[in-house]
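Hi,

Here's the structure I promised to pass along. Have a look at it first, and my notes follow below.

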Amino acid sequence: MLKTDVIIIGGGATGCGIARDLALRGIPHCLIEKGDFAAGATGACHGLLHSGGRYVVSDPHSAKECYDENIILRRIGEKCVEQTGGLFVRLPGDSKLYRDRFLKSCEKIGIPAEIISSTKALDLVPNLNPDIEEAVKVPDCSIDPFRLCMLNIISSQKRNGIIFIRHKVTEILKEHGRCVGVKAADQVSGEIREIHGNVIINATGAWSHLVAQLAGNEVPLTLSKGSLVITNHRLTNMVVNRMRPSADGDIIVPNEAVCLAGTTSIAVEDPDKIRIESHEVDTIISEAGRMIPHFDDTRIIRAFSGVRPLLKSAKADSREITRGFQIINHGDGMYSIVGGKLTTFRLMAEKMVDTIMDYFKLKKPCETAEIPLEGQEELSGYPLAKRLADMKNIVCECELVSRAEVERIIKQTGTRYVGDISHRTRLGMGPCQGGFCTFRALGIMHEKSIISPEQSMNALRDFLQRRFRGIRFCLWGDQLREEQLVEYIYMGILALERK
Amino acid sequence: MGVIQHDVIIIGAGVAGLTAGAILAEKGYNVALVAKGEPTACLSTGCIDICSLDHDPLHGVSHLPDEHPYHLVSRAVIRESIEKFKESMAQMGFSYIGSPETNRYVLSALGTFKTTCLVPSTMAAAPQDEKDDLHIITFSGLKDFYPSYITARRKNASFSTYDAGASTTMGLATNFEREDFLEKFISWLEKLNIREGKIAFPAVLGLESAGMITKKIEERLGRKVFEIPTIPPSMPGRRLFNALKDYFRKKGGMIYWSWPVSGVEKTKKIIEAVTSPSEGRPKSLNAKAFILASGSFVGGGLTARRDTIVENIFNLPVLVPGQRDNWFDSDYFSLNHGIGKAGIIVDSSFRPKEADWENVFVCGGIIAHTDVLKNGCGHGMALATGHAAAASCMGYIK
């Protein structure tokens with residue numbers, strides 16, 4: 001049995017941020033995540049570091065939080081934030097009144113917003129629809145959510161934080177009405193681990209009502225599914241937003257080699273049973289295509305959905321629910337932190353840890369806004385030159401990932417999941433979506449003898465089925481050709497057992 | 001440039017197109033084949049799948065759904081197309097083993113068994129069960145072959161690694177074509193003192209001379225030798241393509257490479273010519289008849305759009321398997337994907353149904369209802385329909 005002070009459940013941005021904050025304040029802690037880092041809403045979003053513009057009219061309070069955090073993250077996470085800048089473009093027919101309210105609210109909050117002509121906007125983003133009336137420039141940025149989680153975890157690990165990924169909390173232990181620990185099952189071996197702590201923080205996003213239930217507690221949540229599509233290449237170097245109240249497909253974000261566009265907003269019940277539908281893909285493409293006409297004939301390599309864990313509200317349209325967050329003290333040693341956004345994860349962590357410090361009657365103030373994220377040098381940017389130097393040993397041609405990198409991750413994490421390698425290297429994220437390199441990555445695991453034939457067959461099947469779920473509704477044109485080839489490789493050439 | 005007149009123009013340089021072309025050329029017709037690029041045959045294992053649903057491939061064929069294009073061809077024609085194929089490949093020094101009476105296995109790079117019918121002689125010694133003990137040879141840096149997949153599944157298998165100074169299948173195959181390389185390699189093999197009864201290689205044992213190289217290793221080592229097909233680029237697929245192409249040319253056929261068809265000239269019920277934007281070469285080719293063998297999606301014969309599927313050369317009517325939602329089954333592994341049925345519906349003369357043209361014939365993977373992966377019928381179906389379409393075309397032009 002393991003003992004610690006604070007148990008964090010959930011390895012999304014919030015959970016990882018809390019781990020970092022606790023580490024910097026010297027509080028022993030243990031983070032438990034049932035999958036990999038950023039597996040929920042954190043990893044299933046645009047990767048947009050909001051300027052606040054999106055919420056400036058509907059929810060000025062959240063907008064202000066976003067802008068403040070935007071500035072902080074640009075400062076502490078210089079290497080994992082791409083300072084793209086963003087545009088809100090007004091198309092013919094979009095309300096001028098909304099634009100006026102937008103500008104007024106930006107001014108009030110202090111978000112820098114500059115009106116530029118359509119000509120100037122086209123200079124900045126040549127692929128923009130030339131018919132736009134005008135644009136407003138704001139300090140939107142893009143951020144890699146997975147990398148962000150990893151960087152937060154580094155601070156925790158450096159200060160003896162204990163991290164268990166692929167461990168699912170199956171039980172919350174209570175004594176005399178108080179939460180005293182958890183039981184967590186290793187998702188690979190099935191082994192059960194018992195961890196005791198004084199406080200349990202439930203940072204499980206869309207799953208937080210389910211985790212709270214394990215302790216007999218309640219979390220009032222509204223779950224809203226948002227779907228996104230990924231393009232084969234970058235169509236814009238700036239974030240492009242539509243100047244109108246939030247609606248489907250009104251944001252396009254450049255991220256690494258691709259663009260993400262979305263989202264939709266559909267109420268759902270079960271966070272484990274969500275699927276994207278083809279009409280969502282079509283809606284996003286046609287709406288994004290209004291801002292960047294090229295979008296219509298661009299290859300879409302994947303579509304995915306995430307679930308926003310929003311605070312329960314009487315509002316029928318989930319887009320009107322506040323993006324603010326809330327800390328719930330269940331009064332039995334468990335706290336749940338819900339709502340919020342990727343952009344405000346640090347602030348959420350700060351408030352959560354402030355609460356814990358009060359509970360422990362400790363005084364050390366939060367430093368997460370001042371100290372730069374540790375380990376950025378190692379993860380910095382996109383070291384293309386480094387990758388190209390080892391061209392002969394490139395395992396993933398789409399994203400130029402070398403064999404040495406794959407071996408390093410396998411050694412570091414001992415993983416048997418290709419997904420864990422993908423998250424850390426971008427292996428399999430390109431146009432072929434892992435069609436070729438998955439066979440290779442598992443082959444390397446075989447060489448290292450860490451995987452059995454059954455495990456590798458299961459891993460291949462699991463990979464193909466997941467991959468398929470992501471691309472199923474984007475299959476036409478070249479992406480369909482690629483898919484047919486991959487299907488032929490695995491079923492026809494490699495004779496994968498279908499079971 | 002003046003008008004160039006051929007008897008028949010074939011569109012597509014895959015197994016179906018080259019087969020149909022060779023038959024017509026052999027009969028003395030003036031045949032030209034136009035191709036945009038290399039065919040998908042180059043990506044294939046080189047094996048000829050007739051129908052993998054049953055141990056007896058022809059028995060399997062009889063159980064295919066009524067709409068399957070195999071049913072437009074008699075058993076006799078399927079057998080004849082196989083015999084003819086074996087004969088012509090043997091002539092080109094790339095012989096095939098097997099008969100249409102029974103399926104066999106090749107060992108896959110995952111260590112599983114792939115069911116097929118005819119195999120290149122270099123795969124003839126592949127184990128047919130779990131019993132054979134194997135020694136696998138791999139090459140350092142080769143990223144598309146991991147013997148551990150196989151040794152993890154088979155108790156009686158081990159492997160050794162040779163540094164051949166090349167990390168791609170193509171680079172290795174080119175090396176094996178060199179006498180000095182082969183000699184050095186064989187003496188390395190001899191020093192290994194391999195005890196196992198069979199030696200397995202990823203399919204990189206040369207390009208033109210694979211048969212001879214395999215035999216030479218077998219003789220020197222006193223062991224059976226066989227190749228394991230790799231993921232693309234696949235050498236056995238390329239050898240198959242080269243042999244078919246050379247055979248077609250030997251019979252008098254000609255090929256216009258990098259000649260993408262961009263338009264057609266037509267009168268009421270007749271296609272007169274196909275045209276291409278290629279510079280410095282004939283832009284328009286006339287013929288009495290046209291055989292469409294442009295393949296399915298990967299080959300480029302069909303293109304899927306968001307809401308429909310089109311045929312790219314003659315804009316023939318396409319069987320579209322419903323709305324996009326129905327193109328794929330939710331279970332990836334069911335292989336019950338509607339998209340497998342997409343293609344051109346043909347009548348018993350292999351003319352496209354519900355089209356205006358009387359001088360267009362269709363063969364190979366572009367035909368509707370083939371479900372190639374589900375039925376394991378790729379190249380076999382291309383051979384049979386290639387034969388049938390050529391015969392039908394001859395009946396029309398004579």
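**Domains and chain contacts**

In this predicted model, the centres of domain 2 of chain A and domain 3 of chain A are 30 Å apart, going by C-alpha atoms. The two do touch: 13 residues of domain 2 of chain A and 10 residues of domain 3 of chain A take part in the contact.

On the domain 2 side of that contact, α7 (278-291) and β20 (300-311) of chain A each put in at least two residues. The top contributor there is β20(A), with 5 residues. By residue type, this side of domain 2 of chain A has 7 nonpolar, 4 charged and 2 polar residues.

In case you want to colour things by domain, here's the assignment for chain A:

- domain 1: 2-41 + 146-220 + 322-360
- domain 2: 48-143 + 222-311
- domain 3: 383-493

Now for the two chains. Chain A brings 37 residues to its contact with chain B, and chain B brings 31 residues. Which helices of chain A supply at least two residues each to the side that touches chain B? They are α7, α13 (437-447), α14 (453-471) and α15 (477-493). Of these, α15(A) gives the most, with 11 residues. The chain A side splits into 17 nonpolar, 10 polar and 10 charged residues.

One thing to look at on your screen is α7 of chain A: it supplies residues to the side of domain 2 that touches domain 3, and also to the side of chain A that touches chain B.

Cheers

Conventions:
Residues numbered from 1 in each chain as written. Chains lettered and ligands numbered in written order. Predicted model: local features only at pLDDT ≥ 70, side-chain atom pairs only at ≥ 80, totals over all residues. Domains from an automatic or database assignment. Contact = placed C-beta atoms within 7 Å. Helix = DSSP H or I, 4+ residues; strand = E, 2+ residues; numbered from the N terminus. Nonpolar A, V, L, I, M, F, W, Y, C, P; charged D, E, K, R; others polar.
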